[in-house]
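Me: I'm new to this one, so could you walk me through it in plain words? I'll ask, you answer.

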Amino acid sequence: MDFSAADYRYMARALQLAADGLYTTEPNPRVGCVLVKAGRVVGEGYHRRAGEGHAEVNALAQAGAAAQGATAYVTLEPCSHHGKTPPCCDALMKAGVVRVISAMQDPNPLVSGRGHNRLQQAGIEVSWGLMQSQAEALNPGFISRMSRQRPYVRIKQAISLDGRTAMASGESKWITGPQARADVQRLRARSSAILTGIGTVLADDPALTLRAEQLGTAVSDADMSEVIARQPLRVILDSQLRTPVNAAILAQPGETLIFYVAADPARVAQLGAKATLIQLAALEPLAVLQWLALERECNELLIEAGATLSGVFIREQWVDELVIYQAPTLLGSRARPAFELPLEQMSQQYRLVLVDQRSLGDDQRFNFRFSQGN
């Protein structure tokens with residue numbers, strides 16, 4: 001279907017609204033809605049948090065009676081099922097909306113298309129696909145969880161110009177500057193969970209928390225306390241439960257999950273008092289990813305780990321995106337590499353596609369996806 005310049009303009013505004021929920025909608029998708037009548041915006045809304053009104057409902061509330069005869073621009077297909085809130089389709093029909101334009105269909109195969117069909121059956125003109133790629137970019141995790149039953153996986157690494165993450169001794173603070181570290185905080189804030197390995201816990205004793213002073217203006221004052229209180233789920237892969245009971249990661253607000261295989265019962269009891277323990281037959285990446293998606297509704301997973309664990313996820317092809325922060329410094333040939341990938345032939349190399357690059361003070365951030373040819 002051909003869309004007009006005005007259609008693009010109003011959908012762009014809906015996408016802008018949807019982004020206001022970037023840090024607060026977990027585990028729901030980020031959705032925005034704009035209601036337009038006779039060339040004038042009569043209502044706007046976005047989904048702020050799970051359990052509260054969806055974007056369409058909030059826009060209808062603002063529009064009131066002016067919604068009668070309006071066109072709704074929505075970044076995701078309106079829901080047709082009862083969840084924590086009533087179906088948005090019902091609200092749109094009741095309000096007298098005559099046209100609905102969606103950026104994309106719901107990625108959940110159990111409900112995809114049903115909302116559009118229901119609206120069409122009620123006599124409402126429906127179309128979708130307007131600025132779809134932009135809408136998908138807002139919700140990679142929700143789409144992944146719905147369509148692949150696993151989170152969207154990012155690996156974050158801070159490296160030197162020669163591709164090193166730490167000195168041979170393990171010393172790594174700080175490779176990058178304050179602006180890059182603040183950007184990492186924003187990456188954590190949009191993530192459902194942050195995953196690391198026991199090697200990093202023992203070597204670096206990380207906290208893996210959000211800090212308000214570093215998030216700064218990326219999060220509105222109205223949302224800051226909520227974002228800090230939520231804290232992404234912290235996940236440790238620790239097959240033998242070697243995590244120290246006094247580890248910094250266990251003393252932070254929020255929840256820490258530890259996946260393990262086998263350990264002494266006394267050790268299980270000791271760590272079980274400080275973290276949630278999940279026993280698996282083997283610490284296979286896919287099993288962990290599926291558990292996080294199905295049991296905890298994790299949309300976006302951020303991996304902050306050493307070369308070994310990061311290399312495992314890459315080799316087994318469970319990584320969707322690499323986020324590399326590179327500082328203009330050299331750490332030398334004895335320093336630690338970013339990824340443990342024992343490749344021997346050029347045919348084994350991993351080709352990457354650069355999807356975004358920006359300067360952060362003296363540092364550079366690169367966002368890569370893996371080439372389909374790998």
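Reply: Sure. One term before we start: two strands pair if DSSP finds at least two bridges between them. Also keep in mind that this is a predicted model.

Me: Good. Which residue in E5 stands opposite Ile101?

Reply: Start with the strands: E4 covers residues 99-102, and it pairs with E5 in the parallel sense over four bridges. Strand E5 itself runs over 125-128. The residue there that stands opposite Ile101 is Ser127.

Me: Which strands stand at the edges of that sheet?

Reply: The sheet is open, has five strands with mixed pairing, and follows the order E2-E1-E3-E4-E5. From one strand to the next, the twist averages 15 degrees. An edge strand has a single partner, so one side of it is left without a neighbour in the sheet. That describes E2 (40-46) and E5.

Me: What angle does helix H4 make with E5?

Reply: There are helices against these strands. Helix H2 (residues 55-63) lies across E1 (32-37), E2 and E3 (71-74), running at about 140 degrees to E2. Helix H4 (residues 114-121) packs on the sheet too, where it touches E4 and E5. Its direction and that of E5 make an angle of about 155 degrees.

Me: How many disulfides does the structure hold, and why is Cys33 not in one?

Reply: A disulfide here needs two cysteine sulfur atoms within 2.5 Å. The closest cysteine sulfur to that of Cys33 is in Cys88, 8.5 Å away, so it is too far for a bond. Cys88 is in no disulfide either, with the sulfur of Cys79 nearest at 3.6 Å. The number of disulfides in the structure is zero.

Me: Are Cys33 and Cys88 buried or exposed?

Reply: Buried means under 20% relative accessible area. Cys33 has 0% relative accessibility, and Cys88 also has 0%. So Cys33 counts as buried, and Cys88 counts as buried.

Me: Where is the cis peptide bond that involves Pro27?

Reply: Look at the loop between helix H1 (5-18) and E1, which is the place of Pro27. Omega is near -5 degrees for the bond in question. That cis bond goes from Glu26 to Pro27.

Me: Leu208 and Gln317 both have a positive phi. Which one is buried and which one is exposed?

Reply: Leu208 isn't a glycine, yet its phi is about 55 degrees, and it sits in the loop between helix H8 (198-204) and helix H9 (212-215). Gln317 has phi near 60 degrees and belongs to the loop between helix H13 (307-315) and strand E13 (321-326). Relative accessibility settles the question, with 4% for Leu208 and 56% for Gln317. That makes Leu208 buried and Gln317 exposed.

Me: How far apart are the end C-alpha atoms of helix H12?

Reply: Helix H12 (residues 285-296) has 12 residues, and at 1.5 Å a residue it should span 16 Å. Its buried residues include Trp291 and Leu292, and just after the helix Glu297 takes a positive phi of about 55 degrees. The distance between the end C-alpha atoms agrees with the expected span: 16 Å.

Me: Last one: what distance separates the C-alpha atoms of Arg186 and Gln214?

Reply: Arg186 is found in helix H7 (residues 178-189) and is partly exposed, at 24% relative accessible area. Along the chain, Arg186 and Gln214 are 28 residues apart. Their C-alpha atoms are separated by 8.5 Å.

Technical notes
Residues are numbered from 1 along each chain as its sequence is written. This is a predicted model: local features need pLDDT of at least 70, side-chain atom pairs count only at pLDDT 80 or more; totals for chains, interfaces and linings use all residues. Side-chain values use heavy atoms; hydrogens and water are left out. Buried means under 20% relative accessible area, exposed over 50%, partly exposed in between (1.4 Å probe, protein chains only). Helices (H or I, at least four residues) and strands (E, at least two) are DSSP runs, numbered from the N terminus. Axes are lines fitted to C-alpha atoms, for helices over the stretch in contact, and angles run from 0 to 180 degrees between N-to-C directions. Contact means heavy atoms within 4.5 Å. The expected span of a helix is 1.5 Å times one less than its number of residues.
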